[in-house]
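Student: I have a structure open in front of me and would like to learn how to read it step by step. Could you take me through its features, giving the general idea before each case?

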Number of protein chains: 2
Amino acid sequence: MRRLGVFTTMMLFSVSAVWAQEKTDLNMVEKIRKEGLENSRVMDFAFYLTDVNGPRLAGSKGYIKAANWAKDELSKTGLKNAKLEPWGEFGKGWELQKSYVALTAPYYKPLNAYPKAWTAGTNGLKNAEILLVEAKDTIELEAKYKGKLKGKLLIPYRTDTLLPSFKADASRYTEEELTKMANAEPPVAPQGGRRTPNPAAMAAARVNALLKEWAESEGAVGILSYSLRGRDGTLFVQGGGSYAKDAPDSFLDIMLQAEDYLTIARLAKAGQPVKLDVDVKTLSYNDDTKGYNVIAEIPGTDPKLKDEIVMLGGHLDSWHSSTGATDNAAGCAVMMEAVRILKAIGARPRRTIRIALWGGEEQGLHGSRGYVKNHFADPATMELKPEHAKLSSYFNIDNGTGKIRGIYLQGNADVKDIFTKWLEPFHDLDAKTVTISNTGGTDHQAFDAVGLPGFQFIQDPIEYNTRTHHTSVDSYDHLIEADLKQMATIVAAFVYNAATRDEKIPRKELPKPRPATPRP
Amino acid sequence: MRRLGVFTTMMLFSVSAVWAQEKTDLNMVEKIRKEGLENSRVMDFAFYLTDVNGPRLAGSKGYIKAANWAKDELSKTGLKNAKLEPWGEFGKGWELQKSYVALTAPYYKPLNAYPKAWTAGTNGLKNAEILLVEAKDTIELEAKYKGKLKGKLLIPYRTDTLLPSFKADASRYTEEELTKMANAEPPVAPQGGRRTPNPAAMAAARVNALLKEWAESEGAVGILSYSLRGRDGTLFVQGGGSYAKDAPDSFLDIMLQAEDYLTIARLAKAGQPVKLDVDVKTLSYNDDTKGYNVIAEIPGTDPKLKDEIVMLGGHLDSWHSSTGATDNAAGCAVMMEAVRILKAIGARPRRTIRIALWGGEEQGLHGSRGYVKNHFADPATMELKPEHAKLSSYFNIDNGTGKIRGIYLQGNADVKDIFTKWLEPFHDLDAKTVTISNTGGTDHQAFDAVGLPGFQFIQDPIEYNTRTHHTSVDSYDHLIEADLKQMATIVAAFVYNAATRDEKIPRKELPKPRPATPRP
């Protein structure tokens, strides 16, 4: 309780201090709105990033192609110093070159299927029998299956069933939900220690790991997977193994739509012979194992402030079974459009505005963490580089296609009144909520981890967690044009405000060094 | 108004007459409930019909396999006279033997795709360029595309976009909706004359027909299709041409998921070269071009009434891109379970109970219409066969997996109080609504068309029209066990009641002969 008391006093002080000072240039905001809502190019950017470029898996040629396109487009838009900047070592590139998967017994059916990333192929067409694997632990696995996997396609038995979808895929935040966010308590720092692991899940993971090891050494053809989110023909597909430079390709692991996986598992369980044709070809390459971010700038114009930086960004990499439209071409297109808007209206920001489209986010925020370590500080040591003092703030978009409803403060109470003021001209576009809460899972956390003000906006969830995120249908048609325009307009205004106010954005206390602990 | 007045007077008379007489054997109903809810085999039947058998396209070997399984299973259950009964000439059988469809330029992506039924293959793997076809009428089509289709894969341009799914796929009827049905006005006989055709739709149909004709003669590889219902990886796939015995295989027409179709169309429209690998093999056969229904009976036990018949049924055929679980393995499994329940409890119906699993429903209620014509009357002449006088009623299930909420009277007001009484013991299972309204689109209409009492139940819609009906995900996992048990229990009670009451079910006036008019 004492801690909260201190916090509240601090907030009251900062409220009055900031409220009096914070001014926004409403004339410029009006120009931003007009350009962003009436002359938008955000859907062009999205089209090139998704349909034209294709998947942008980290480390792949598709990623580099998209990064080069974005760099060139940012230059054409008038930004300076556009470049691909390496952030460190990523690993190997991988691409799918062929995938044909079909049920051939008890009847023919081509299957909607996608191999996980960084897995190996089949070395030609194989017709393989299904082997149902049912083992509660490695002892049972050994007793029942060791030495019996050659030439088989493995399917771990699962007893899940699909439930009818009584909840819509798409939704927008209600007033009630937004009010709850606005009134949230400040986040408590994460407790130390680890979560107690679930023994059943750990046993299943051990069974799975051992099964894959034997499958490879005994010469099985592949393993089948599914996710309960992968229903109705949607496939939820991520990586199936290591992307480390020297790692061999992982054992073939194919995602099926839930309906097909469960049918095959039931047939096998009932003793019906089941066979599949599988022909998968993949390619790994180590031509360039570095990872890259795309960086470009609108230089600042105030001699005293132009060395200071306001950043905006989102990750450019995607998973591979579609074109990553909502995750996260949406965020990239919005950020590219935000800087285009500022150039188009001839904005002259006092600080330098720097856009970053990150690589390797899906594998652990690698691009932004690498960038932060190279430019600002290593969270393990918290030794600050000179640029650490120069960054005002970083704004991120990575929650799909839903319009901005407000912003998360990540516990930084001193910013509340500034952002409240900045949102005022956008209440009519449904953006008004400022919440003290944290949100996680994306690149603003790399900044937050070294005590820099990194923020992510509150976005309407639309179909993100239900349908598009990491799936085979995350494509252009799941984008909502009106929402992307609104987002770019608000981001442009935020970035402009941050780049022109007298002070940098207030910071939280510096975090303590957090030495990286090796995984057990 | 006069007509309605007469109707109301009739209803009032029949209400008092029937209400006094209608008695149900609640002891038997209780036995039916216990057997149906506690010892159900409905999911076993569904498993064999779907997972084990596979697709049951009319005229295919898959259909015949399922029909033979159902016949044998009905015999095992203790029914008599189980047989495959031909209903007339259907046409050719067709099956898919291979389908591999993948985008190869501008990047590789295996596509979730399914050829329409009765279309031809590609005669091996073809790598074909996409040709976007944009023509408002046949004049524009001729000017732009004639002679340019060789080796191309055609994609008609469409400007549709997907909208986010703010409505849940699954729903149940609300009390308000059910009350509205209960209070509905009697249906008015359909007005004569044709609907005014939509000129734009007619022009598009002419363009499409001519395009397919040229595509075939010029040697195009295939045409791509999609449906707005075919989103999120669900494919909505029906037939692509004639199944007439002597018809050549139709031009290859492949359904894509909406996301992929629209991506390809946008890329082509933007002038980006797009190529696909297509390898489709289909097989047509004319071994036996007759169509078959599955028929079996529980013979009646009352010497005076055992020649009379109560029928129950649903169509057994399905479309081909999944295993037709909700359309209509659900209805077949429920009907098979309903007769199993009656056998299991040793029911001794006075009238003969006859189950019919119909063929060729998806192509125009062929199986039930053929059966009605062979046994009862031809609606074109309305000359009645002797069996016409013997049929009490027919009960149908064909609206998916949703439980029974009541029954449609098809305008037969004299049955209202009978069915109201029969539903009384099932109010606790949410079935209570009797509506005077019509429902259409399935096999009870074949009986109704010759003045025989044919009924279909009101079922909760669940995911039927939104996700499963005629799609690639219409599989076992979209069935709801509790709902199927409830349905079978209620159907068993209805059929038992109809087979034991003193009188046959009241009939509407006989319809006038409706000579078949050849299509223009």
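Student: Among contacts in chain A between residues at least 6 apart in sequence, what percentage join residues at least 24 apart?

Tutor: Please keep in mind throughout that this is a predicted model. To read such a figure, one takes pairs of residues that are in contact and asks how far apart they stand along the sequence; in chain A, 85% of the contacts between residues at least 6 apart join residues at least 24 apart. A single pair from the other chain shows how sequence distance and spatial distance are read side by side: B:Glu424 and B:Thr24 are 400 residues apart along the chain, and their C-alpha atoms are separated by 9.8 Å.

Student: Where in chain B is B:Glu424 found, and is B:Glu424 buried or partly exposed?

Tutor: One places a residue by naming the elements on either side, and B:Glu424 is found in the loop between helix H11 (416-423) and strand S15 (433-435) of chain B. Burial is then judged by counting neighbours, where 20 or more other C-beta atoms within 10 Å make a residue buried and 12 or fewer make it exposed. B:Glu424 has 13 of them within 10 Å, and is therefore partly exposed.

Student: How many helices and strands does chain A have, and what are its overall dimensions?

Tutor: Chain A has 14 helices and 16 strands. Its radius of gyration is 25 Å, close to the 24 Å that the globule rule gives for 520 residues, so chain A is as compact as a globular protein of that length. Along the principal axes, its C-alpha trace spans about 75 × 55 × 45 Å, and 53% of its 520 residues count as buried.

Student: Into which domains is chain A divided, and how many residues of each are in contact?

Tutor: A domain may be assembled from separate stretches of sequence, and the bounds here show this: domain 1 of chain A takes 21-90 + 289-500, while domain 2 takes 93-184 + 197-282. Their centres, taken over C-alpha atoms, are separated by 34 Å. Where the two touch, 28 residues of domain 1 are in contact with 22 residues of domain 2. On the domain 1 side, strand S14 (404-408), strand S15 (433-435) and helix H13 (464-468) of chain A each supply at least two residues, and S15(A) gives the most, with 3 residues. By class, that side of domain 1 divides into 8 nonpolar, 15 polar and 5 charged residues.

Student: Which residues of chain A does the UniProt annotation cover?

Tutor: An annotation comes from a record, and in this case the UniProt entry, which is unreviewed, gives "domain: Peptidase M28" for residues 293-495 of chain A. In the model, that span is 31% helix and 20% strand, and its end C-alpha atoms lie 20 Å apart.

Student: What rotation superposes chain B on chain A, and how many residues does each chain give to the contact?

Tutor: When copies are compared, one looks for the rotation and shift that lay one on the other; here a rotation of 180° with 0.0 Å of shift along its axis superposes chain B on chain A, with an RMSD of 0.0 Å. That is the relation of a two-fold axis. The contact takes 45 residues from chain B and 45 residues from chain A. Helix H3 (42-52), strand S2 (93-105) and helix H8 (258-269) of chain B are the elements that give two or more residues to the chain B side, where H8(B) gives the most, with 6 residues. This side has 21 nonpolar, 15 polar and 9 charged residues. Because 100% of the interface residues of chain B are also interface residues in chain A, the copies meet through the same surface.

Student: Which peptide bond of chain A is cis, and which residue of chain A has a positive phi although it is not a glycine?

Tutor: Most residues other than glycine have a negative phi, and most peptide bonds are trans. The bond from A:Ala105 to A:Pro106 is cis, with omega near 10°, and A:Pro106 is found in the loop between strand S2 (93-105) and strand S3 (109-110) of chain A. A:Trp118 has a positive phi of about 65° and lies in the loop between strand S4 (113-115) and strand S5 (126-133) of chain A. With 25 other C-beta atoms within 10 Å, A:Trp118 is buried.

Methods:
Residues are numbered from 1 along each chain as its sequence is written. Chains are lettered from A and ligands numbered from 1 in the order in which they are written. This is a predicted model: local features need pLDDT of at least 70, side-chain atom pairs count only at pLDDT 80 or more; totals for chains, interfaces and linings use all residues. Copies are superposed by least squares on the C-alpha atoms of residues with pLDDT of at least 70 in both. Two residues are in contact if their C-beta atoms, placed from the backbone, lie within 7 Å. Helices (H or I, at least four residues) and strands (E, at least two) are DSSP runs, numbered from the N terminus. The radius of gyration is taken over C-alpha atoms; the globule rule is 2.2 Å times the number of residues to the power 0.38. Ala, Val, Leu, Ile, Met, Phe, Trp, Tyr, Cys and Pro count as nonpolar, Asp, Glu, Lys and Arg as charged, and the others, Gly among them, as polar. Domain bounds come from an automatic or database domain assignment. UniProt positions are given in the numbering used here, feature names are shortened, and annotations may be inferred rather than shown by experiment.
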